[in-house]
Amino acid sequence: MLLRQIEYLQAVIEYGNFYLAAEHCNVSQSAISQQIKKLEEELGVQLLERHNRTFSLTPAGEHFYRKSLIISGDLKQLVRETKRIADNDNAVLRIGYYKGYHGDELSEAVAQFSEKHPSVDVRITVGSHEELYHAMENDAIDLALNDQRRAFSDTYNNEILAESKIFIELSAKNPLSKLSSLTVSDLKNTPCILVINPAGQQEEQQYYETIIGLQGEFLFADTVQEARLKLITGQGYMPVDVIGDQVWFDTAVSRIPLVRNHEPVRKTYCAFWKKDNSGYYIEEFAEMLKETF
């Protein structure tokens with residue numbers, strides 16, 4: 001039994017037909033069909049019921065497919081571990097991201113990179129804007145996903161990824177949740193809740209006061225969950241960065257755009273890394289990150 005035959009079977013099931021599976025595996029449709037037949041002959045069981053141009057899994061095929069996914073996952077993990085053991089000077093990519101970022105783009109890029117480079121140890125840290133800046137200055141991280149708060153420096157590669165809009169999350173029971181947009185003056189009597197660790201609280205509050213223009217009292221939370229519990233119970237509102245068109249379904253929490261002069265309040269998100277620390281892995285990951293955005 002060949003691992004390639006199992007991969008072909010998995011591809012046919014995942015793509016739903018032999019043609020797309022063959023394209024994915026870079027082989028002919030007849031080759032993929034023949035290999036699956038050989039797999040069935042070796043097992044002595046029928047895995048697929050063929051119906052003209054379609055197929056269905058037999059009970060044995062369903063069982064074999066499920067178990068094969070577990071084996072494939074274990075095998076990939078084994079390969080990663082073996083490569084890391086063999087490489088005493090194992091490559092490491094250290095990525096930091098801003099705590100206020102809540103999108104899926106970073107995790108998608110990390111997944112793509114780890115799939116392509118399983119022997120590279122990807123380490124992720126999270127921090128405030130200033131913490132990430134100092135981490136790069138001190139060579140504690142290789143690349144930062146951060147919002148832009150300074151003029152671009154010639155010392156760094158500054159890759160613009162996306163523009164975000166600031167939305168305000170607050171309890172659906174709050175009368176302000178009935179508005180289609182909010183201004184800083186609408187929020188001046190309601191506490192602002194920021195998700196930040198104690199070391200970054202002063203810096204984050206100063207940014208939202210002086211740059212964004214939010215006024216009044218500030219409260220702090222260690223996690224987004226803690227912040228949302230505070231706002232659900234009417235303790236305040238939370239500003240969040242939204243990239244692209246995200247659908248919002250939460251019935252307990254309303255999400256409303258923050259505007260200034262009738263225009264959305266925006267931030268610019270970038271990937272930053274030192275020019276003298278550029279390398280193949282950093283450049284490639286930055287490109288993957290840009291593509292996911």
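This passage walks through the strands, helices, surface patch and salt bridges of a predicted model.

A few ground rules come first: the model is predicted, so local features need pLDDT of at least 70 and side-chain atom pairs count only at pLDDT 80 or more, while totals for chains, interfaces and linings use all residues. Residues are numbered from 1 along each chain as its sequence is written, and side-chain values use heavy atoms, with hydrogens and water left out.

Strand β5 (residues 143–147) is a handy place to start. Helices and strands here are DSSP runs numbered from the N terminus (H or I and at least four residues for helices, E and at least two for strands). Five of the five residues of β5 are buried, so the strand is largely enclosed by the rest of the structure; buried means under 20% relative accessible area, exposed means over 50%, and partly exposed is in between, using a 1.4 Å probe and protein chains only. The cover applies to both faces of β5, with L143, L145 and D147 on one side and A144 and N146 on the other.

As for neighbours, two strands count as paired if DSSP finds at least two bridges between them. Strand β3 (residues 92–98) runs parallel to β5, with three bridges between them, and I95 has L143 as its bridge partner in β5. Strand β13 (residues 266–274) goes antiparallel to β5, joined to it by four bridges. Within that pairing, L145 sits opposite A271 of β13, and N146 is partnered with C270.

β13 is itself mostly covered, with seven of its nine residues buried. Strand β6 (residues 156–171) also pairs with β13, again in the antiparallel sense, this time through nine bridges. One of the partnerships there matches K165 with R266 of β13.

Moving on to the helices, α3 (residues 29–43) behaves as the ruler says it should. At 1.5 Å a residue, its 15 residues should span 21 Å, and the end C-alpha atoms are 22 Å apart, which agrees; the expected span is 1.5 Å times one less than the number of residues. The buried residues in α3 are I32, S33, Q35, I36, L39 and E40. They cover an arc of only 165 degrees around the axis, which puts them on the same side of α3; the arc is that of the directions from the helix axis to the C-beta atoms. After α3 comes G44, with a positive phi near 80 degrees.

Out on the surface, L3, L75, L78 and V79 make a nonpolar patch of about 320 Å². Patches take residues with over 30% relative accessible area and no salt bridge, joining like charges within 9 Å and nonpolar side chains (Val, Leu, Ile, Met, Phe, Trp, Tyr) within 5 Å. The areas come from the Shrake-Rupley method with a 1.4 Å probe, and for residues only the protein chains shown count as cover. Helix α4 (residues 59–86) supplies the largest share of the patch, three residues. V79 belongs to that helix and counts as partly exposed, at 34% relative accessibility.

Side chains of opposite charge can pair when their charged atoms come close. The model holds 17 salt bridges, each being a side-chain nitrogen of Lys or Arg within 4 Å of a carboxyl oxygen of Asp or Glu. E169 and R228 form one of them, with their closest N and O atoms 2.7 Å apart. E169 lies in strand β6 and R228 in helix α8 (residues 224–232), so the pair ties together parts that are 59 residues apart in sequence. E169 is buried at 0% relative accessible area, whereas R228 is partly exposed at 21%.

Strand β6 also contributes E159, whose side chain meets that of K290 in a salt bridge (3.0 Å, N to O). K290 is in helix α9 (residues 280–292), so this pair bridges parts 131 residues apart in sequence. E159 is partly exposed at 24%, and K290 is partly exposed at 38%.

Another salt bridge joins E130 and R150 (2.9 Å, N to O). Here E130 sits in helix α6 (residues 129–137) and R150 in the loop between β5 and β6, 20 residues apart. E130 is partly exposed at 22% relative accessibility, and R150 is partly exposed at 34%. Finally, a network of salt bridges links D147, R149, E203, E204, D241 and K267.
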